[in-house]
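Colleague: I am new to this structure. Please pick one part and take me through it closely.

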Amino acid sequence: MPAKRLSAADVSLPKMEPGFRSGGDIFTLSSHSRARKALEFGLNVTDSGFNIFVVGEDRSGRMTSTMNFLESFVEDEPPPSDWVYLNNFRRPHRPRPLPLPAGVGRRFRDRMIVLVRQIRESLSGAFGGDQYQSEVRAESEKLQQSVATEMDALRTEAQAVGLDVIQSQQGATVVPINAEGKPANLDEFSVEDQQRLQEAAKAIGEKLGAINRRAAREHGELGARVLQITRDTADTALDVQFDAVREEFSGYGGVVRWLVEMRNDVLENVHLFGKGDESETRRELPEDRYAINLFVDHSDDPNPGVLLEANPSYENLFGRMEYRPAEGGLYTDFTMLRAGSVHRANGGILALRAESLAQNPVSWEFLKGALRDGEIRIEEMQRNGAVPLAGAPRPKPVPLDLKVVIIGAPRWYYAFFSIDPEYQTYFKVKADIDADMDITPENVASYAALIRKFAHDHNEFEIDDDAVQRLIGMATRWAENREKLTARFEIVQDVILEAVELAIEAKSTTVTLDIVLQAVENRRRRNARVEDRMQESIADGQVMIATTGQTVGQINGLTVRDLGDHAFGGPARITARASAGRHGVINIERQVALGGPIQQKGVMVLQGFLSGRFARRFPLSFNCSITFEQNYGGVEGDSASLAEVLAILSDLAGLPLRQDLAITGSMNQRGDAQAIGGAHHKIEGFFRSCLENGGLNGEQGAVVPASNERNLILRDKVAEAVEAGQFHIWSVQTIDEAAELFMGLPAGELGADGRYPADTIYGRVQVELEAFDKALYERERWAGAE
C-alpha cells in the first residue's frame, strides 16, 4: 500500500461553527465535568476525610476555575463563627477558645473594653465613698479602742507597783518609775526593791504580751472584715455593670459562664484596679487580664468564603504566639495569640497550592494531624529546642470543621501526595481535569461563550465570530488533535488579552480576526529567537541540511524543541554507513553518552526489525554506524526510528534517499509506524527550512505515521502551500511505505524460497548482507586454516 498524500483540508486549521451560548463557565466543558462532579460530591459530604485534591494540567484554569466554583458553592451559606480566646482564671496558662456567631466576637470584645473601664470607675467611686470609708474606719476604731482600754488598765496596774508601760522604738516596754512617776534606772533602787520590781515587771510583761497577741489576732480579723467589706462594696458596685452585660449576651452560654468567672475574679483581685506602684512595670493591668482576644473575626464576611493560603508555612497555617520585650526579656500572654489560615477558614473551605504545600513538608504533616484529631493546636515551632519561656501560655485547641482543597499539577500529585500512605485517609476525593475535550456542539458553544466572556471582562470588548472561530480552531492545534479542544484555556485567554490590547491601540472596541492573527504572530516573534537562529544556521550552510537531490545513507529526520514559552521543530541530518562485521547497528550517540534511554531503545528496536526481515536463514553480518550529524547536545526519544532504519536500508541497498523529504515517526520490531509528538511543529520546521534554503520546488514535503494524521493542524502558510501543490504531507502505516516513497522502488515481499525479489529495496539489502556474510565466512575460514 503506497504512502497516503494528505490534502490541505486534512492539515489546515479546523473551522467550526461556534454557535451562541450566554454566560461562560469553564466547568460546563466536558473536560471539567469529571472534576465538577467530584467537587460537588466532596463538598457535600460532611464526614471527615472527604477532602479534595484538584488535579489539572498547567494553564487548564485549575486554580482560577476551581476557586470560582468553590466561591459560588458557598455563596449562599451563612458566615462561620467568630473565635475568641478568653483568660482561664483557674489555669492562666491554658486560655480557652470560644465560638460566637459572626459579628458577636467583635461586639463582645468592644463591650468588655467598656466594661473594664466602668468597673474601674465604679470601684473608684465605691471605695472613695463615705459609707465604705466609715465602715472601715469604724472597724479600725473598734479595734483601737479595745486595745487602748486594755493598755490603760495594764498601765494603772503597773503604776501601782512602781512600774509603767511606755512606747519605745521597740514597741510597748515595761520600765520602773521613781517617786515623781518618771522612768528610772533599776540601779537607782535598793536590792530588795530591784528584786520586787523585776518580779512585778515579769508579771506585767506577760500580760502585755497577751494584749499584743490578742491585738495582732484581732488586727488580722480586722483585715478579713475590711476585705469582706471591700468585697461586699465591690459586689454591690458591680451589680449594674455585670447585669447589663449578662443581659446583652444572655443568648450565649459560654459568654455568660465566663462573665460569672470574671466577676468572681474581679472580687478576688480588686487591688488590680488601684493606682499601684509606678515602679511595678510588670504589674498586670485589668485591661489585659480581662481583655478579649478576637482571634478570628467574620463580622464583615457575608458567607464562609474560600481562603487561599499562598505560603503555607507552619505559622501561616496554624498561627503563632507573639512576644514583646519586657525588663530585658520577652513577655507574652493569651492576648498575643494570632490565628493562622486554618483558623480563619474554619467552618468554610481552605484552598492550598500543591507545589507550595509540597515545599513545606512540616506543614503537610501538621495538616494531616489536624484533620486526624479534628482540632487546631498552636505550637511554637521556632522555639523547638530552646529554653521554655516561663509563663508562656499553651492555648487549648480549637475544634476543626474544615474542607481542605489542594490544587495542583499531576506531577505534584503523583510525586509527593499520592505516594504518602496517609494521603488517602484524609483526601478521599480526586477532582481530575482532563487535558482536552471532544469537539461536540456543546463544548464548542461553551468554548465560544468563554472566549466572548473573557473579551468582555477586559474593558467590555466584543469579539467577532471569525475571531472566535479562529481561536476555537487554534484550540485544536494546542490540543494537538483535530478531534479535540485543549482544556488549557488560559493559553486562549492570553491570546485574547493580547488581542484586546492591540484593539485598544487600533482604537477599536471589537476584536477582529486580523487582530487575533496579529496577536498570535506577535507572540511567535517574541519567543522565536532560538528558532530563528537555528533556521539561519541552516540557510547559511553552517548546519548542513539538503532540501533537494538524492543521497545514499543520508536522510532528513525531524526534531522538536520545547523551550517552555515556545515549541518549534526543525530538520536533523541522519546518516548511516554500513560495512561487513558482526556488531550490527552501532549507535554513535550511545557510544559517546549523548543518547537518552528512549533513543537507545529505539535503535535496539530497529535492530530487531532488521533481524526479523533479513536474518531468517543467515545471521546479520554487518556493522552500520548511525548518527545525528552536527549534534552536540544529546538526543532523546524514538521519533527518529523510521529515519534511522531508512538510512540503514539505503546504505545497504545502495539506493539514494530523497533529500526533499523529511520524516518523523517511531516504529516497532514488525515495521509498523507508531505515533510521535510534536508532528505539526516538525513539519513546519522543515517547511521553513525548504522555504529559506532555495525556496519551494513543488516536490518537497514531510512524512508522518498514519496514526499522527489527527495531530496535524498546520499554520496557514504551510496549509496554503499544500493546497497549491508546492509542499506535500504524506502519512505511512509501515516502514515499507516510507521506503518506497524515499527510494522509488518497491519494498519487496518475501518469497516462498525465503528471498526478496532482486529489483526491490529489500532484495538489494539481502544481496548485500549475503555478500557481507560470505566475506566474513571466507575470512574466518582462512584465518582458522592458518
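Modeller: What follows is a walk through one sheet, then the spaces in the protein.

This is a predicted model: local features need pLDDT of at least 70, side-chain atom pairs count only at pLDDT 80 or more, and totals for chains, interfaces and linings use all residues. Residues are numbered from 1 along each chain as its sequence is written, and side-chain values use heavy atoms, with hydrogens and water left out.

Start with the sheet. It is open and has eight strands, in the order 1-32-31-28-23-24-26-25. Its pairing is mixed. Strand 1 (4–6) and strand 25 (584–587) are the edges, each pairing on one side only. From one strand to the next, the twist averages 30 degrees. Helices (H or I, at least four residues) and strands (E, at least two) are DSSP runs, numbered from the N terminus. Two strands pair if DSSP finds at least two bridges between them.

Now look at one pairing inside it. Strand 28 (residues 661–663) runs parallel to strand 31 (residues 701–705), over three bridges. Ala662 has Ala702 of strand 31 as its bridge partner.

A helix crosses this sheet. Helix 22 (residues 641–653) lies across strands 23, 24, 25, 26, 28 and 31. The angle between helix 22 and strand 24 (567–579) is about 30 degrees. Contact means heavy atoms within 4.5 Å. Axes are lines fitted to C-alpha atoms, for helices over the stretch in contact, and angles run from 0 to 180 degrees between N-to-C directions.

Next come the pockets. On a 1 Å grid over the protein atoms alone, a pocket is an open set of points with protein on both sides within 12 Å along at least five of seven lines, a cavity is a set where a 1.4 Å probe fits but cannot get out, and lining residues have an atom within 4 Å of a point. Points are joined across faces, edges and corners, and a volume is the space filled by probe spheres set on them.

The largest pocket holds about 1,400 Å³. It is lined by 42 residues, with Arg477, Trp478, His566, His681 and Arg715 closest to its centre. Among the elements giving two or more residues are strand 23 (554–562) of the sheet, helix 16 (465–479) and helix 24 (716–723). Helix 23 (679–692) has the largest share, seven residues. The lining counts 20 charged, 15 nonpolar and seven polar residues. Here Asp, Glu, Lys and Arg are charged; Ala, Val, Leu, Ile, Met, Phe, Trp, Tyr, Cys and Pro are nonpolar; the others, Gly among them, are polar.

The second largest pocket holds about 660 Å³. Of its 31 lining residues, Thr559, Arg561, Ala572, Asn631 and Gly634 are closest to the centre. Helix 19 (529–539), strand 23 and strand 24 each give two or more residues. Strand 23 has the largest share, with five. By class, 15 lining residues are nonpolar, ten are polar and six are charged.

Last, the closed space. The search finds one cavity of 30 Å³ or more, and the largest cavity has a volume of about 30 Å³. Its lining is Glu531, Ala567, Phe568, Gly569, His681, Glu684, Gly685 and Arg715. Strand 24 and helix 23 each supply at least two of these. Two lining residues are nonpolar, three polar and three charged. His681 and Arg715 line this cavity, and both are also among the residues closest to the centre of the largest pocket.
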